[in-house]
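Student: I have a new structure open and would like to learn how to read it. Could you walk me through the features one at a time?
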Amino acid sequence: MTDLAGKRLPTRAAPLTIGLAIRDMKGITKRNLLRIIRTPQLLFMTLVQPTIILLLFRYVLGGAIHVPGVDYVNYVVPGIFLEAVLIGGMTTALALATDLQAGMIDRFRSLPMARSAFLAGRTIADLCRAVLALVFIICLGLLVGFRFHNSFGSCLAGVALIIGFGYAFTWVYAAIGLAVKDPQTAQMTSILPMFILFFASSALVPVKTMPGWLQPFADNQPASVTINSVRALFEGGPVYHDLWQAVLWCIAIFVVFLVISLNLYRRATA
Amino acid sequence: MDAAIEVEHLSKRFGATLALDDVSLEVDSGRVLALLGPNGAGKTTLVRVLTTLLQPDSGRARVAGFDIGKDDKTIRTMIGLAGQYATVDELLTGRENLELVGLLYHLDKREYERRAQEALERMTLIGAGDKPVKTYSGGMRRRLDLAASLIGRPPILFLDEPTTGLDPRTRNDLWALIEELVAEGTTVLLTTQYMEEAEHLANRIVVMDGGHVVAEGTADELKDHLGGNVLEVRVADRNDLEKAVALIASLVSAVPRLDLDLNQISAPIKGGAKVLIAAGRALDDGGIDVEDLGIRRPSLDDVFLSLTGHTTASGGDGTPSASGPAHD
């Protein structure tokens with residue numbers, strides 16, 4: 001055991017290959033999944049919130065809302081699927097701010113690992129958690145009367161779109177977590193975009209019922225176009241206009257916030 | 001002997017605070033250098049620059065012969081970082097932490113599993129290896145942290161306040177571990193607020209204050225800087241303290257230092273017995289009840305005080321030269 005600190009001759013490090021970067025990412029993903037599994041109370045809370053929203057709009061408020069041409073349960077539930085994925089994403093901001101404050105990010109940044117692997121491992125672990133939340137809320141939706149009416153392929157595409165939007169948005173939360181640096185502030189700050197995008201959207205009521213000044217925003221913002229296309233994919237009907245807009249939004253959000261997050265990580269200081 | 005760490009005219013500013021102000025130093029391969037100073041002295045900032053976590057504004061630094069800012073990737077394979085800010089994952093077990101770090105050093109699975117096991121044995125954590133870190137005591141956490149920084153067998157180790165907040169016994173255990181590593185040839189740069197720690201572990205000491213290097217040398221060289229001994233007087237009655245200080249001040253060239261908790265006055269002196277006798281006579285003539293009177297060799301605390309105008313224990317408040325928040 002005397003060679004634990006055995007000296008090594010200085011040689012330039014071997015370049016990081018894609019293979020090594022992927023191995024780093026897997027290691028970080030595993031670490032984050034273990035953390036998610038070992039804090040079940042946090043996982044539980046991210047499931048409670050969409051459950052309450054779902055029951056509230058299905059049974060308490062739903063009776064008073066009439067959307068022409070569609071059963072309200074089928075109108076509202078796809079939006080709540082998306083919300084379930086978004087609310088869980090808040091834990092990304094919380095986890096990164098916690099890692100930053102605790103010094104974990106210093107540890108990882110001082111290691112010869114691929115720097116991009118840290119954030120990739122974080123978002124992929126959170127993606128796994130989001131899929132779990134989505135499966136849960138879909139089951140709950142089916143239980144309270146929601147039904148898929150379109151072909152299996154279309155419905156699957158709708159689910160994939162929700163997951164894609166959720167993953168793109170994880171990078172927004174990553175940027176928030178790295179920028180605000182404090183776990184409490186990170187949590188509070190990430191509620192804001194979620195609330196604006198979810199409530200000022202077509203998720204709960206048709207945009208036409210909103211005041212005129214709000215309609216242009218509510219009609220075109222990313223959550224609305226995504227929910228509209230998911231709804232069309234589940235229910236049938238014209239989908240293409242909203243779908244390409246939703247996909248473009250996802251790609252744009254992903255690319256912009258990936259770049260911001262990587263930059264913040266590179267110069268991260270607690 | 002070649003230098004493992006070379007720092008030339010390094011500066012780093014955070015807003016209005018100059019965290020590092022033209023810092024230069026060198027650590028020879030296989031030696032231990034202690035950066036000694038209070039909070040806000042710039043010690044941690046320097047460690048962050050040398051471990052590639054922070055880009056300096058100006059100056060040059062080389063670690064293991066590679067340039068900071070140019071060969072950061074190579075440097076990261078050569079260094080280990082442990083201490084108050086680098087940390088371990090609370091929700092993972094000790095072993096999971098070590099294996100993750102090993103994987104990220106790009107060791108193959110068999111190798112990092114073997115090294116994690118070895119490190120747990122060496123740090124006497126083998127019984128707790130498969131328990132989550134949140135169940136560990138402070139001392140166990142520091143040992144795991146140190147173990148994590150050793151998994152890649154780095155030739156150069158940075159320890160940022162490795163024993164801050166530990167009880168004396170745990171601190172001694174950690175000192176013994178660090179001494180073992182040094183005996184094996186590891187170069188160590190450590191930061192500390194404790195004179196005793198610097199004196200115990202380091203070959204050379206660099207004293208920092210307000211982002212500057214204020215002195216450098218061995219513990220003995222720094223003590224010789226004071227050029228003599230320290231006169232110490234303890235009075236029985238607190239009310240006599242002021243009068244006693246005035247009497248001592250008239251006998252010595254430097255300003256006496258006051259310890260209000262102990263009713264004690266200390267002052268650096270050039271001579272020996274003569275000053276002691278003169279002090280005894282003066283205090284007696286003044287009618288002061290003296291409890292204790294003596295001469296001792298200066299401690300590093302005395303040196304620090306004479307160099308910076310304040311003690312190491314004064315913490316963040318002890319840096320009157322630094323304006324704005326301490327980024328340390």
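Tutor: Happily! Let us begin with domains, the parts into which a chain can be divided. For chain B, the domain assignment gives domain 1 (3–223) and domain 2 (228–297). Keep in mind as we go that this is a predicted model.

Student: How far apart do the C-alpha centres of domain 1 and domain 2 of chain B lie?

Tutor: Those two centres are 41 Å apart.

Student: Next, the sheet. What should I look for?

Tutor: Here is the general idea: strands of a sheet pair through backbone hydrogen bonds, and the pairing can be parallel or antiparallel. Chain B has an open sheet of four strands in the order 2-1-4-5, paired antiparallel. Its edges are strand 2 and strand 5 (66–67) of chain B, each of which pairs on one side only.

Student: How many bridges join strand 1 and strand 2 of chain B?

Tutor: Eight bridges link strand 1 (residues 3–14) with strand 2 (residues 17–28), and the two run antiparallel. You can follow the pairing residue by residue: B:Ile5 stands opposite B:Val27, and B:Glu6 has B:Glu26 as its bridge partner. Together these two strands of chain B make a hairpin with two residues between them. In that turn, B:Gly15 has a positive phi of about 55 degrees.

Student: Which residues that are not glycines have a positive phi?

Tutor: Two examples are A:Lys181, with a phi of about 70 degrees, and B:Glu161, with a phi of about 45 degrees. A:Lys181 is found in the loop between helix 6 (152–180) and helix 7 (183–199) of chain A. B:Glu161 is in the loop between strand 7 (156–160) and helix 6 (168–183) of chain B.

Student: Is B:Glu161 buried or exposed, and how do I tell?

Tutor: Count the other C-beta atoms within 10 Å: 20 or more make a residue buried, and 12 or fewer make it exposed. B:Glu161 has 23 such neighbours, so it counts as buried. A:Lys181 has 17, so it is partly exposed.

Student: Now a helix. How can I check the length of helix 1 of chain A?

Tutor: Use 1.5 Å a residue: the 20 residues of helix 1 (residues 18–37) of chain A should span 28 Å, and the end C-alpha atoms are indeed 28 Å apart. Buried residues of this helix include A:Asp24, A:Gly27, A:Arg31 and A:Ile36. What do the buried residues of helix 1 pack against? Their partners are helix 2 (40–60) and helix 5 (115–143) of chain A, together with helix 3 of chain B.

Student: And which residues have the most contacts inside the largest nonpolar core?

Tutor: They are A:Leu82, B:Ala34 and B:Val63, in a core of 154 residues. Helix 3 (residues 72–102) of chain A gives the largest share of this core, 16 residues. A second, separate core has 12 residues, among them B:Leu231 and B:Ile269. Back in the largest core, the contacts of B:Ala34 beyond its neighbours within four places in sequence include B:Leu190, B:Ala198 and B:Ile205.

Student: Last one: how many residues of each chain are in contact across the interface?

Tutor: 36 residues of chain B are in contact with 30 residues of chain A. Elements giving two or more residues to the chain B side are helix 2 (72–78), strand 6 (79–83), helix 3 (94–104) and helix 4 (109–122). That side divides into 19 nonpolar, nine polar and eight charged residues.

Technical notes. Residues are numbered from 1 along each chain as its sequence is written. Chains are lettered from A and ligands numbered from 1 in the order in which they are written. This is a predicted model: local features need pLDDT of at least 70, side-chain atom pairs count only at pLDDT 80 or more; totals for chains, interfaces and linings use all residues. Two residues are in contact if their C-beta atoms, placed from the backbone, lie within 7 Å. Ala, Val, Leu, Ile, Met, Phe, Trp, Tyr, Cys and Pro count as nonpolar, Asp, Glu, Lys and Arg as charged, and the others, Gly among them, as polar. Two strands pair if DSSP finds at least two bridges between them. A nonpolar core is a set of buried Ala, Val, Leu, Ile, Met, Phe, Trp, Tyr and Cys residues joined through C-beta atoms within 7 Å. The expected span of a helix is 1.5 Å times one less than its number of residues. Domain bounds come from an automatic or database domain assignment.
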